[in-house]
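Hi,

Here is the structure I promised to pass along. Have a look at it first, and then read on for what turned up.

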Amino acid sequence: MQNINYLYNSLKEETMRALTRSYRADNMVEHYSVWENATILPAKTIYIPSRYWVGGCVDSENNLIEETIIPCLMGWKYDIPEVSKEYPIAIYLGYMFSCYGHMLGDCLRWAWFLQSEEYHQFKRSGAKLLYISMAPLKSWQEEILRLAGITNVELVTEPIRVKKLIVPTPSIVTDDKEQNYWRPEFLKTINLMIENAYKSAKRQLNYDKIYLSRCGIGDIMGESNVEQFYHKHGFKIIRPERLTVAEQIVLLNNAKEVVATEGSLSHNTIFCKTKTKVGLKAFLV
């Protein structure tokens with residue numbers, strides 16, 4: 001709060017509002033919904049007139065099941081082509097997007113369900129785990145899901161009709177301004193990832209003060225000067241792309257002070273302890 005005076009006057013009011021309001025959503029009323037004869041639509045790109053990522057699930061009457069998309073960002077229904085594949089029972093685990101920040105802050109909203117007793121009941125009934133994505137998961141996406149307790153998931157590449165589709169209630173709620181609000185179940189997913197990271201990380205890095213740098217992929221907007229500044233003030237310079245996801249999580253969880261640019265780098269601070277000091281730097285183009 002003490003650095004609020006460094007902001008442009010036009011940004012101060014909105015920044016104060018963002019820093020002081022709650023981002024806690026209402027508790028879940030129902031943990032999941034069940035849809036008979038629903039169809040899972042693969043992810044794809046359409047242009048209407050700009051690029052838009054569509055896909056998700058529709059009910060038996062072709063109505064969008066809104067809890068299967070990421071509002072304002074990914075997913076919507078489209079005309080259903082011929083459906084030739086059918087499963088008796090399946091659990092929908094969401095839209096996986098190939099962007100590190102979105103994977104953490106958007107795509108894990110369904111992950112909590114795998115830690116529930118209801119999931120194990122459906123699993124014993126032979127339910128498949130299905131997700132949609134524009135492309136097969138990259139290795140770092142697979143690691144994120146693995147840390148969140150998700151394995152053996154199947155990418156939907158063609159429309160699939162499911163006689164009994166289970167859709168977990170999202171643990172993140174997104175409003176029409178693209179603002180996310182979290183439920184306690186999302187925090188459980190993050191805590192599980194931290195626990196699993198400590199178990200699987202080959203290197204458990206521990207530095208009190210760290211600066212997360214993008215300079216490993218190029219000097220963007222003169223960031224090297226900012227990096228040098230923090231290095232002189234005792235911050236360990238970190239190139240996150242050189243670490244596994246588990247190593248990054250342990251690193252952030254151990255740190256007492258973290259500085260990063262806005263974007264996917266700053267999303268990693270979700271793994272910090274409650275009283276960690278976090279500073280975000282915006283580079284304006």
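**Glu227 and helix H6**

Glu227 is buried, because its relative accessibility is 12%, under the 20% cut-off. Please keep in mind that this is a predicted model. Glu227 sits in helix H6. Leaving aside residues up to four places away in sequence, Glu227 is in contact with Tyr211, Ser213, Cys215, Ile237 and Arg239.

Glu227 also has buried company within its own helix: in H6, which spans residues 223-232, Glu223, Glu227 and Tyr230 are buried. These three lie on the same side of H6, because they cover an arc of only 65 degrees around the axis. On the face turned away from that buried side you will find the exposed residues Asn225 and Lys232. Just beyond the helix, Gly234 follows H6 and has a positive phi, near 90 degrees.

**Helices H4 and H5**

The next thing to look at is a helix pair. Two packed helices are described by the angle between their axes and the distance between the axes. For helix H4 (residues 139-147) and helix H5 (residues 184-200), the axes come within 8 Å and cross at roughly 110 degrees. H4 is therefore roughly perpendicular to H5, since angles of 65 to 115 degrees count as such.

Which residues in H4 and H5 meet? From H4 come Ile144, Arg146 and Leu147, and from H5 come Leu192, Met193, Asn196, Ala197 and Ser200. Sorted by class, this contact of H4 with H5 has five nonpolar residues, two polar ones and one charged one.

**The cysteines**

How many disulfides does the structure hold? The count is zero. Cys99 is in no disulfide, and the nearest cysteine sulfur, that of Cys107, is 8.5 Å away. A disulfide would need the two sulfur atoms within 2.5 Å, so this pair does not qualify. Cys99 counts as partly exposed because its relative accessibility is 24%.

Cys272 is in no disulfide either; for Cys272 the nearest cysteine sulfur is that of Cys99, 18 Å away. Cys272 is buried, as its relative accessible area is 14%.

If you open the model in your viewer, you could begin with Glu227 in helix H6, go on to the place where H4 meets H5, and finish with Cys99 and Cys272, neither of which is in a disulfide.

Best wishes

Terms used
Residues are numbered from 1 along each chain as its sequence is written. This is a predicted model: local features need pLDDT of at least 70, side-chain atom pairs count only at pLDDT 80 or more; totals for chains, interfaces and linings use all residues. Side-chain values use heavy atoms; hydrogens and water are left out. Buried means under 20% relative accessible area, exposed over 50%, partly exposed in between (1.4 Å probe, protein chains only). Helices (H or I, at least four residues) and strands (E, at least two) are DSSP runs, numbered from the N terminus. The arc is that of the directions from the helix axis to the C-beta atoms. Axes are lines fitted to C-alpha atoms, for helices over the stretch in contact, and angles run from 0 to 180 degrees between N-to-C directions. Angles under 35 degrees count as roughly parallel, over 145 as roughly antiparallel, 65 to 115 as roughly perpendicular and the rest as oblique. Contact means heavy atoms within 4.5 Å. Ala, Val, Leu, Ile, Met, Phe, Trp, Tyr, Cys and Pro count as nonpolar, Asp, Glu, Lys and Arg as charged, and the others, Gly among them, as polar.
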